[in-house]
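Subject: Structure for you to look at

Hello,

Here is the structure I promised to pass on. Please open it alongside this note, and my findings follow below.

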Amino acid sequence: MSLAAPTSWARPDTADLLRRHWPMLPLAATVLALLAPLPAGDATASGKVGPADAASLLLVFVCGIQALRGRVRTLTPLAVLVLGLPAVGLAVSTVTAGDPYAALPGFVRYLQVFVLVPAAIVLLVRDAGEFRLAAGCFVVLALVQGAVGVVQFATHTGASYQGEDIRAVGTFGPGDVMGMATVVAYGLVVATAAALAPGLPARVRRASGAAALVLMVPLVLSFSRGAWIATFGAAGLVMALAGIRRALKVLVALAAVGVVLVGGFGVGSAMVAERLTSITQVSDAPDQSVTDRYTMWAAAGSMWRERPAVGVGLKGFPANRDSHSGLALSSGSDTAGAGQAYIRQPLLSPHNMYLLVLSEQGLIGLIALAGGWLALLVAGLRRCLVGGAALRDCGLVAIGLLVWQLTDFLYADIGGPSTVLTGVIIGLAGWWALPSGGRPGPAAGAAAPEGAAGR
């Protein structure tokens, strides 16, 4: 992703870059801190505060300091409403919970991911260069985690899958098998958007295209059906927004890579085929994971019908699960491999973000959260369709990541170290979609940002 100054081809001085863009360091750290491995054998580490969460809190703190100094964007009342409304729903759900003290940790987590981090990004990111810096961090994270995952598959040191330690999980470990698949998919979507963007230099587009092709390998080896579906949908939309001619070129390249990997080299061909086939067997001959998911979805619906307005309260799903579940629900999921002994992990969420919010926060919480996401999607798509090509790459990245996340929420929910990236994605989508009432003045230490007019 390019961070070059738009008004000059001269290489910017490092000290000047740090002086102008130092508030972006916590944002970059929030993404790149996920390169740090989890302790081997600690399957519960995904529920603890990690380096990425600490960096996100520093990001919020820096935003507060910059706001006091008048060096952040000025938002319109509409933008404030979209960003702040989820906090109201969270507060209502917390105070109406059966045990408000037990709900308080959930309130803090949701506030971090869905309010504070997105708002900090919308306020701090001043121009397209800083947006591209954040997006580029996603690609770096994906390439490193993907490389670790490929090595795990090749050396049989990954998570256990069908009796073999071959599932690519990166540094996240078997306790968070979706972690690597998620960050690799993020990077692939960003790289695809950059490869198709007409406003970027040719060398950046070529490098981004190569990165997207490379990232297909660890994504396939993650054996994550959900990540495959969300990536296919998000990348397809990005290609459609970029233009049919460009989309056809990318589709041909992706198809060629898929044929070479699976057909030519036989990279997990039998297991990949079995995993793809299982997507269509959700009602005919579902495996136990699908059965568990459907049972928990039904339990979430039962909880919502019990308290339709406010739900059972944040963090209330695990406590109410058994009283609303059928006998088909298993006791948990098996995890092993990648340096961890066999552990049976309990099923503590419905694996559907919308149903989780509906069951724990009711209609008030769902409207506040999902309504804001829908507003960002509609406004972002509109700007992509009616705007010029100057910042098209930023729009493609923002829309692609948001669509990936909203699609993934159909069969996954928040949890694990990569959860903080959800807040970053919502923040980048908000920066693209939400209008600004103004820009930081000269006191911000930067010239008028590229393409900022009308933000």
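**Helix 6 and its ends**

D127 caps the N-terminal end of helix 6, with a side-chain oxygen 3.1 Å from the backbone nitrogen of G129. Please keep in mind that this is a predicted model. Helix 6 itself has 28 residues. From its first C-alpha to its last it reaches 41 Å, close to the 40 Å expected at 1.5 Å a residue. After helix 6 comes H156. The phi of H156 is positive, near 55 degrees.

**Q145, inside helix 6**

Helix 6 covers residues 128-155, and Q145 lies in it. Is Q145 buried or exposed? Q145 is buried, because its relative accessible area is 1%, below the 20% cut-off. A polar atom of the Q145 side chain lies 2.8 Å from the backbone oxygen of L34. L34 also appears among the residues that Q145 touches. The others are L35, G170, T171, F172, M180 and V183, leaving aside residues up to four places away in sequence.

**Salt bridges**

How many salt bridges are there? The count comes to 3.

Take D53 and R109 to begin with. These two form a salt bridge, with their closest N and O atoms 2.7 Å apart. D53 lies in helix 3 (residues 51-68) and R109 in helix 5 (residues 100-124), so the pair ties together parts that are 56 residues apart in sequence. D53 is buried, at a relative accessible area of 5%.

Next, E130 and R126. Their side chains meet in a salt bridge at 3.0 Å, N to O. E130 is buried, with a relative accessible area of 2%. R126 counts as buried too, because its relative accessibility is 11%.

Then D393 and R132. Their side chains meet in a salt bridge at 2.8 Å, N to O. Why does this pair tie together parts that are 261 residues apart in sequence? Because D393 lies in helix 15 (residues 392-408), whereas R132 lies in helix 6. Both D393 and R132 are buried.

As background, side chains of opposite charge can pair when their charged atoms come close.

**S222, in a loop**

Where is S222 found? S222 sits in the loop between helix 8 (202-221) and helix 9 (225-242). S222 is buried, with a relative accessible area of 0%. The S222 side chain reaches the backbone oxygen of L219 at 2.6 Å. Leaving out residues up to four places away in sequence, S222 touches R167, A168, M180, A181 and W228. M180 is also one of the residues touched by Q145.

**V82, in helix 4**

V82 has its place in helix 4 (residues 77-95). With 15% relative accessibility, V82 counts as buried. Which residues does V82 touch, not counting those up to four places away in sequence? They are G372, A375, L376 and L434. V82 and G372 are 290 residues apart along the chain. Their C-alpha atoms are separated by 5.3 Å.

**A nonpolar patch on the surface**

L58, F61, I65 and L68 make a nonpolar surface patch of about 440 Å². I65 has its place in helix 3. D53 of the salt bridge with R109 lies in helix 3 as well. I65 is partly exposed, because its relative accessible area is 33%, and the partly exposed class runs between 20% and 50%. On helices in general, an α-helix has 3.6 residues a turn, so residues three or four places apart point the same way.

**The chain as a whole**

The chain has 16 helices and 6 strands. Of its 455 residues, 53% are buried. Now the contacts with a separation of 6 or more: residues 24 or more positions apart account for 78% of them. The accessible surface of the chain comes to about 19,000 Å². Carbon and sulfur atoms hold 68% of that surface.

**Where to look**

For a quick tour, begin with Q145 in helix 6 and its polar partner, the backbone oxygen of L34. Move on to the D393 and R132 salt bridge. Then view S222 in its loop. Finish at the patch that includes I65.

Best wishes

Technical notes:
Residues are numbered from 1 along each chain as its sequence is written. This is a predicted model: local features need pLDDT of at least 70, side-chain atom pairs count only at pLDDT 80 or more; totals for chains, interfaces and linings use all residues. Side-chain values use heavy atoms; hydrogens and water are left out. Helices (H or I, at least four residues) and strands (E, at least two) are DSSP runs, numbered from the N terminus. Buried means under 20% relative accessible area, exposed over 50%, partly exposed in between (1.4 Å probe, protein chains only). A polar contact is a pair of N or O atoms within 3.5 Å; within protein, one must be able to donate a hydrogen and the other to accept it, and residues adjacent in sequence count only if both atoms are side-chain atoms. Contact means heavy atoms within 4.5 Å. A salt bridge is a side-chain nitrogen of Lys or Arg within 4 Å of a carboxyl oxygen of Asp or Glu. The expected span of a helix is 1.5 Å times one less than its number of residues. Patches are made of residues with over 30% relative accessible area and no salt bridge: like charges are joined within 9 Å, nonpolar side chains (Val, Leu, Ile, Met, Phe, Trp, Tyr) within 5 Å. Accessible areas come from the Shrake-Rupley method with a 1.4 Å probe; for residues, only the protein chains shown count as cover.
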